[in-house]
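This report covers strand pairing, helix packing and empty space in one protein model, taken in that order.

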Amino acid sequence: MVYRCAVNKATRYSTYFGENLRDLNLRIGATERLLESIEPFYQKVQLVILADHPNMFRIKGHVIYMGQNLVEAPGHLEKALAKIWYRERNETLFVQQELMEEVATDFLVYLLAGDLDIGDPATHVKTAILPVKWPYVIKSPEAYCDSPWKQSEDYEICASGKNLSSIAPEVLEMSLRPLLLNSWVKAYKSLSVGERYQFSRKMGLIIRGEYNPVLSVAGDATASTLTRATAVLKNFNQYVASADLTKTSNTYRLFAANFANELRSHGYEKAFAEASFDVLYVSNQKLSADTKAFQELLKIAKEQPQTQIALRDQDNLWMLPSKFPIPIKTFGQIKANRTIVEKCGGYSFSYVMDYSDSTEKLLVVEHCDPKVEIKYREYLKSGAEGFALENKGMSFVQFHLPSLLMKRDELASVLNVQDFIKKRDVDNPSFKSLGWQEVRFSQTANAYQPKAYVDAIEWFRF
């Protein structure tokens with residue numbers, strides 16, 4: 001038994017500290033040395049480890065309350081120390097203050113080992129600074145809790161699986177954390193070795209810096225989710241770009257320029273009006289993770305992480321490989337380089353042109369028998385010809401919509417595209433407008449490729 005002054009009574013001796021003290025000292029010592037090499041702590045820090053609340057993470061002043069699970073998982077203890085150090089210096093109020101704290105302290109933890117290694121004690125999945133793209137980083141509360149990128153403060157509520165709606169307001173901002181950190185780290189790595197050293201020594205000045213123009217302290221809660229997420233990126237970029245350090249430090253000016261360029265390279269320049277994907281699958285029926293098309297495209301997305309694949313129905317959109325949907329109303333406009341639609345029955349050119357504002361190529365697949373599985377692997381690899389090779393006997397048409405739009409008026413009267421193409425009435429003014437010189441038949445693909453003045457229809461098979 002030992003006497004515990006805090007509760008004014010004798011308590012049972014715990015062997016935990018004796019068994020873990022060496023590891024704790026090493027972790028705390030390494031973090032402390034890094035932070036104090038920049039600027040020393042203002043006050044001593046106290047750590048309280050809680051066995052009865054294993055996923056708790058709270059910081060009150062200079063006291064850290066952490067559950068045993070999070071203490072033992074990598075990164076959270078280091079993150080807590082970095083947060084106290086950050087808060088000692090944080091003198092700037094602005095609307096994305098909490099997100100800035102996350103990104104800045106992530107960067108400080110990154111400086112310890114050259115990567116961000118914060119682990120989930122339940123799944124043992126760790127964060128890693130990997131390429132991410134807008135708008136793929138936006139998450140639902142369920143997807144956020146499934147990710148190792150959730151705030152340490154949210155582990156307790158995510159572990160319970162209850163009242164996830166209570167964290168919904170912060171999920172939007174925190175979803176952007178990996179995108180912002182990736183851009184921050186890449187901007188830092190673009191500096192020379194000497195410039196990196198100068199930049200890291202200025203972290204205290206960056207945190208407490210003055211900003212001109214003055215940063216906003218309120219956001220627009222009535223805007224759509226995508227619009228608000230865009231505003232977050234804009235405000236964060238302004239935070240970096242408007243610091244007074246840009247007037248006095250060449251190194252910081254270079255970092256700020258690099259950071260803006262990195263955000264653009266990750267898709268931020270397109271963020272204002274739209275969510276943009278490489279391939280979008282559109283379903284007229286309600287989708288779920290058990291749908292055959294969903295499973296097919298999910299597998300491809302996992303194998304080809306560099307390809308941005310999304311699925312949507314009337315209500316939701318899935319940004320693969322995430323299985324968690326985001327409401328369509330979240331997005332203003334959704335665009336894709338290629339769009340896939342499965343349809344049963346005839347359709348007009350007007351139906352096709354309804355997609356002209358959202359995609360360049362439209363693949364319309366005739367799919368009336370739900371038992372027939374459709375494959376898309378070769379389509380993603382080599383386009384409509386690949387689709388034809390992989391799906392023998394499947395009827396389809398691929399349209400090039402910018403070309404088709406040139407003949408909108410001439411084709412407006414066509415009510416059935418399939419019959420129109422099958423008939424190929426060379427005397428029909430609508431058909432003449434396509435300018436087909438010949439129709440080549442591919443033996444390997446068992447499909448047709450028109451040669452025309454206007455490439456409105458690229459491949460088809462009936």
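## Sheet, helices and voids

In this predicted model, 3 strands build an open sheet of mixed pairing, arranged in the order S3-S5-S4. Strand S3 (46-50) and strand S4 (57-60) stand at its edges with a single partner strand each, so one side of each is left without a neighbour in the sheet. From one strand to the next, the twist averages 15 degrees. S4 and strand S5 (residues 63-67) run antiparallel and are joined by 4 bridges, and within this part of the sheet Ile 59 stands opposite Ile 64 in S5. Helix H3 (residues 76-89) packs on the sheet and touches S3, S4 and S5, its direction making about 25 degrees with that of S4.

A further strand pair is found at higher residue numbers, where strand S13 (residues 436-442) and strand S14 (residues 447-452) pair in the antiparallel sense over 6 bridges. Trp 436 has Ala 452 in S14 as its bridge partner. The hairpin of S13 and S14 has 4 residues between the strands, and there Asn 446 takes a positive phi near 55 degrees.

Turning to helix packing, the axes of helix H4 (residues 97-113) and helix H11 (residues 225-241) come within 11 Å and cross at roughly 60 degrees, and the crossing in which H4 passes H11 is right-handed. On the H4 side, Leu 99, Met 100 and Val 103 meet Val 232, Phe 236 and Tyr 239 of H11. The residues of this contact divide into 6 nonpolar, no polar and no charged.

As for empty space, the structure holds 1 cavity of 30 Å³ or more, and the largest cavity has a volume of about 30 Å³. Its lining consists of Lys 139, Tyr 144, Ser 147, Trp 149, Lys 150, Met 174, Ser 175 and Pro 178. The largest pocket holds about 960 Å³ of space; helix H5 (141-146) and helix H14 (292-303) are the elements that give two or more residues to its lining. Of the 32 residues that line this pocket, Pro 131, Val 132, Tyr 136, Lys 139 and Pro 321 lie nearest its centre. Lys 139 thus appears in the lining of the largest cavity and in that of the largest pocket. The classes of the two linings are set out below.

| Lining | Nonpolar | Polar | Charged |
|---|---|---|---|
| Largest cavity | 4 residues | 2 residues | 2 residues |
| Largest pocket | 18 residues | 8 residues | 6 residues |

Conventions: Residues numbered from 1 in each chain as written. Predicted model: local features only at pLDDT ≥ 70, side-chain atom pairs only at ≥ 80, totals over all residues. Heavy atoms only, no water. 1 Å grid on protein atoms, 1.4 Å probe; cavity = no way out; pocket = protein on both sides within 12 Å on 5 of 7 lines; lining within 4 Å. Points joined across faces, edges and corners; volume = space filled by probe spheres on them. Nonpolar A, V, L, I, M, F, W, Y, C, P; charged D, E, K, R; others polar. Pairing = 2+ DSSP bridges. Axes fitted to C-alpha atoms, helices over the stretch in contact; angles between N-to-C directions. Left-handed = near helix turned anticlockwise from the far one by under 90°. Contact = heavy atoms within 4.5 Å.
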